[in-house]
Amino acid sequence: RRADETFSERRADENVRAQLRLSKTSTSAIPRLTRVYSRTRRKPPARPPLTVKDFKGKVDPDWCPGCGDFGILTALKQALVELSLRPHEVMVISGIGCSSNLPGYVSTYGMHTLHGRALAVATGAQLANHDLKIIITGGDGDGYGIGGNHFIHSMRRNVDLTYIVMN
């Protein structure tokens, strides 16, 4: 024995030697231990399924009656449920306008940005966190007018984004 060897180091060496002796004398002991271990190992708890109600925001939409944005909001929530995405895995980003109030109506991460700059902000968010599913909403002015250059360059960069343009 070395003089500077600690008690725990000696104990660890003794355990290793005992396991080696066990494996030399009885080769069937190791598979048996593996089977026992695999039966006692805990599985992660199953995630309960989400519903559309889990994605309901804190604020109710204030769009005009009959507006098509209601249908888009409902379809977006249904798609998130069907994709089994959790609210913390999604970020909804928008610009300015009626359609761009959508991040407040969905219970996910959200951001209301400058007019026409939603794609630029979303690109930065996606590059910062690749695990987030980024969804951008905006009107035709956001997407094709003042934000037209961002639209073209986002396509050119091929960033993983989902862009919903409402007219």
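# Exercises on a predicted chain

Let us start with one ring: tryptophan 63 is buried, with a relative accessible area of 7% (buried means under 20% relative accessible area, exposed over 50%, partly exposed in between, with a 1.4 Å probe and protein chains only). The model is predicted, so local features need pLDDT of at least 70 and side-chain atom pairs pLDDT 80 or more, while totals for chains, interfaces and linings use all residues. Residues are numbered from 1 along each chain as its sequence is written, and side-chain values use heavy atoms, with hydrogens and water left out.

## Exercise 1: The rings

Find which residues the ring pairs link into a cluster with Trp63.

Step 1. Begin with the rule: rings of Phe, Tyr and Trp (its six-membered ring) pair if their centres lie within 6.5 Å; planes under 30 degrees apart count as stacked, over 60 as edge-to-face and the rest as tilted. By this rule there are four aromatic pairs.

Step 2. Take tryptophan 63 with phenylalanine 70: the pair is edge-to-face, at 5.3 Å centre to centre and 85° between the planes. Phenylalanine 70 counts as partly exposed, at 30% relative accessibility.

Step 3. Now turn to tyrosine 105. Its ring centre is 5.0 Å from that of tryptophan 63 and the planes stand at 85°, so this pair is edge-to-face. The pair links distant parts of the chain, 42 residues apart: tryptophan 63 is in the loop between α2 (29-40) and α3, and tyrosine 105 in the loop between β1 and β2. Both tryptophan 63 and tyrosine 105 are buried.

Step 4. Put the pairs together: Trp63, Phe70 and Tyr105 form a cluster.

## Exercise 2: The sheet

Work out the order of the strands in the open sheet, and which of them stand at the edges.

Step 1. List the elements. The chain has six helices and four strands (helices are DSSP runs of H or I with at least four residues, strands runs of E with at least two, numbered from the N terminus). Along the sequence they follow the pattern α-α-α-β-β-α-β-α-α-β.

Step 2. Look for partners; two strands pair if DSSP finds at least two bridges between them. β1 and β3 (residues 133-139) run parallel and are joined by five bridges. Here valine 90 has lysine 133 as its bridge partner in β3, and methionine 91 stands opposite isoleucine 134.

Step 3. Continue to the next strand: β3 and β4 pair in the parallel sense over six bridges, with isoleucine 135 opposite threonine 162 in β4.

Step 4. Assemble the order, which is β2-β1-β3-β4, with parallel pairing. β2 (109-112) and β4 (161-166) each have a single partner strand, so one side of each is left without a neighbour in the sheet.

Step 5. Check how β3 is covered: six of its seven residues are buried.

## Exercise 3: The cores

Find which element gives the most residues to the largest nonpolar core.

Step 1. Define the object: a nonpolar core is a set of buried Ala, Val, Leu, Ile, Met, Phe, Trp, Tyr and Cys residues joined through side-chain atoms within 4.5 Å.

Step 2. Find its busiest members. The largest core has 14 residues, and those with the most contacts inside it are Leu73, Leu76, Leu80, Val90, Leu102, Val106 and Ile135.

Step 3. Sort by element. α3 (69-82) and β1 (90-94) each give two or more residues to this core, and α3 gives the most, with three.

Step 4. Look beyond this core: apart from it lies another, of eleven residues, including Ile93, Leu119, Leu132 and Ile136.

Step 5. Examine valine 106. Leaving aside neighbours within four places in sequence, valine 106 is in contact (heavy atoms within 4.5 Å) with Phe55, Gly57, Leu73, Leu76 and Leu80.

## Exercise 4: The two sides of α4

Decide which residues of helix α4 are buried and which are exposed on the other side.

Step 1. In α4 (residues 118-128), the buried residues are Ala118, Leu119, Ala122, Thr123, Ala125 and Gln126. They cover an arc of only 165° around the axis, which puts them on the same side of α4 (the arc is that of the directions from the helix axis to the C-beta atoms).

Step 2. Leu127 and Ala128 are exposed on the other side of α4.

Step 3. Identify the cover: β1, β3, α6 (148-157) and β4 are among what covers the buried residues of α4.
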